[in-house]
Amino acid sequence: MTPPDHLLVGLSCANILYSAQAIFKKDILSYAKVIVVLALVAISPDIDSFFGAYTSRDPYIGHRGMTHSFLGVLALSFIIVVLSGVISVIIRVISGYYRYLIHFFKKRDGYMKSDFVFWKFILYPFSWKPFFLLFLFAFLAGVSHLIIDLPQPVTHWKGIPLWFPLKAGGDYIRNGEYAYIGWYDLNITWILIGTTVISFGM
């Protein structure tokens, strides 16, 4: 599949997550964060296109290598979620400082009883609920990349190493290349675009 296809699936996964929050009346993750993180994770396995030999079957240096595995997606999801948390903390330091001042002076002057905790506010992205939830759905968005890459035409890669680093017969186990769809399937692309537009509308 092409990067736009993976991106659209990531956006659809993000909308499903955020819609689930609304259904269960939870406000754990912001919409912007969900959209950005899941979209990035959904296309991240193709990062192996930018290093090493594109035509190599070596999972360490070639395309459709270790990043196209459950272990690779797990690592990429964790890295992206942690980086998004760090960025969120930096942003929250600024807004949290002003919130702290407002609560401090209002509490001092008797206008309100403040329970605002500065460190709790800025470290919220690394609290177990938002972190685990974002990581879980980021991983699923990454797995969507693997699922979409499975039914591809036969190539010299002979599939993707889903179970990396497991081997069979001295070679890494690869799955896929079922040749059900081509590299550029406009029907699927437009279906994904339509699904994404509808998701944004809901």
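## Pockets and helix packing in a predicted chain

H3 gives the largest pocket its biggest share of lining, 7 residues. That pocket belongs to a predicted model, a chain of 202 residues of which 44% count as buried. The chain holds 6 helices and 2 strands, and its elements run α-α-α-α-α-β-β-α from the N terminus on. Take the contacts between residues at least 6 apart in sequence: 69% of them join residues at least 24 apart.

**The largest pocket**

- The volume of the largest pocket comes out at about 300 Å³.
- Its lining counts 19 residues, and the closest to the pocket centre are Ser30, Lys33, Ser84, Ser88 and Pro125.
- H2 and helix H3 (70–108) are the elements that put two or more residues into this lining.
- By class, the lining of the largest pocket splits into 13 nonpolar, 3 polar and 3 charged residues.

**The cavity**

- Searching the whole structure turns up 1 cavity of 30 Å³ or more.
- The largest cavity has a volume of about 40 Å³.
- Its lining is made up of Leu29, Lys33, Val81, Ser84, Gly85, Pro125, Phe126, Pro130, Phe131 and Leu134.
- Here H3 and H5 each chip in at least two residues.
- The class split for the cavity lining is 7 nonpolar, 2 polar and 1 charged.
- Lys33, Ser84 and Pro125 are worth picking out: they are among the residues closest to the centre of the largest pocket, and they also line the largest cavity.

**Phe131, on the cavity wall**

- Phenylalanine 131 sits in helix H5 and is one of the residues lining the largest cavity.
- With a relative accessible area of 18%, phenylalanine 131 falls under the 20% cut-off, so it counts as buried.
- Setting aside neighbours within four places in sequence, phenylalanine 131 touches Phe78, Val81, Val82, Pro125 and Phe126.
- Of those partners, Val81, Pro125 and Phe126 are also in the cavity lining.
- Phenylalanine 131 and valine 82 are 49 residues apart along the chain, with 8.3 Å between their C-alpha atoms.

**H2 against H5**

- The axes of helix H2 (residues 31–43) and helix H5 (residues 128–149) come within 7 Å, crossing at roughly 35°.
- H2 passes H5 with a right-handed crossing.
- On the H2 side the contact uses Lys33, Val34, Val37, Leu38, Val41, Ala42 and Ile43, while H5 brings Leu134, Phe137, Ala138, Ala141, Gly142 and His145.
- Those contact residues divide into 10 nonpolar, 2 polar and 1 charged.
- Lys33 and Leu134, both part of this contact, turn up in the lining of the largest cavity too.

**H1 against H2**

- The axes of helix H1 (residues 3–23) and H2 come within 8 Å and cross at roughly 145°.
- This crossing is right-handed.
- From H1 come Pro3, His6, Leu7, Gly10, Leu11, Cys13, Ala14, Asn15, Leu17 and Tyr18; from H2 come Tyr31, Val34, Ile35, Leu38, Ala39, Ala42 and Ile43.
- The class count for the contact of H1 with H2 is 14 nonpolar, 3 polar and no charged residues.
- Val34, Leu38, Ala42 and Ile43 of H2 belong to the contact with H1 and also to the contact with H5.

**His145, in the H2–H5 contact**

- Histidine 145 lies in helix H5 and is one of the H5 residues that meet H2.
- Its relative accessible area is 0%, so histidine 145 counts as buried.
- Beyond its neighbours within four places in sequence, histidine 145 is in contact with His6, Ala42, Ile43, Pro45, Asp46 and His68.
- Among those partners, His6 comes from the H1 side of the H1–H2 contact, with Ala42 and Ile43 on the H2 side.

**Tyr98, an exposed spot on H3**

- Tyrosine 98 is in helix H3, the element with the largest share of the pocket lining.
- Tyrosine 98 has a relative accessible area of 52%, which is over the 50% cut-off, so it counts as exposed.
- From C-alpha to C-alpha, tyrosine 98 and phenylalanine 118 are 9.9 Å apart in space and 20 residues apart in sequence.

Note on methods. Residues numbered from 1 in each chain as written. Predicted model: local features only at pLDDT ≥ 70, side-chain atom pairs only at ≥ 80, totals over all residues. Heavy atoms only, no water. Axes fitted to C-alpha atoms, helices over the stretch in contact; angles between N-to-C directions. Helix = DSSP H or I, 4+ residues; strand = E, 2+ residues; numbered from the N terminus. Left-handed = near helix turned anticlockwise from the far one by under 90°. Contact = heavy atoms within 4.5 Å. Nonpolar A, V, L, I, M, F, W, Y, C, P; charged D, E, K, R; others polar. 1 Å grid on protein atoms, 1.4 Å probe; cavity = no way out; pocket = protein on both sides within 12 Å on 5 of 7 lines; lining within 4 Å. Points joined across faces, edges and corners; volume = space filled by probe spheres on them. Buried < 20%, exposed > 50% of the residue type's maximum accessible area, 1.4 Å probe, protein only.
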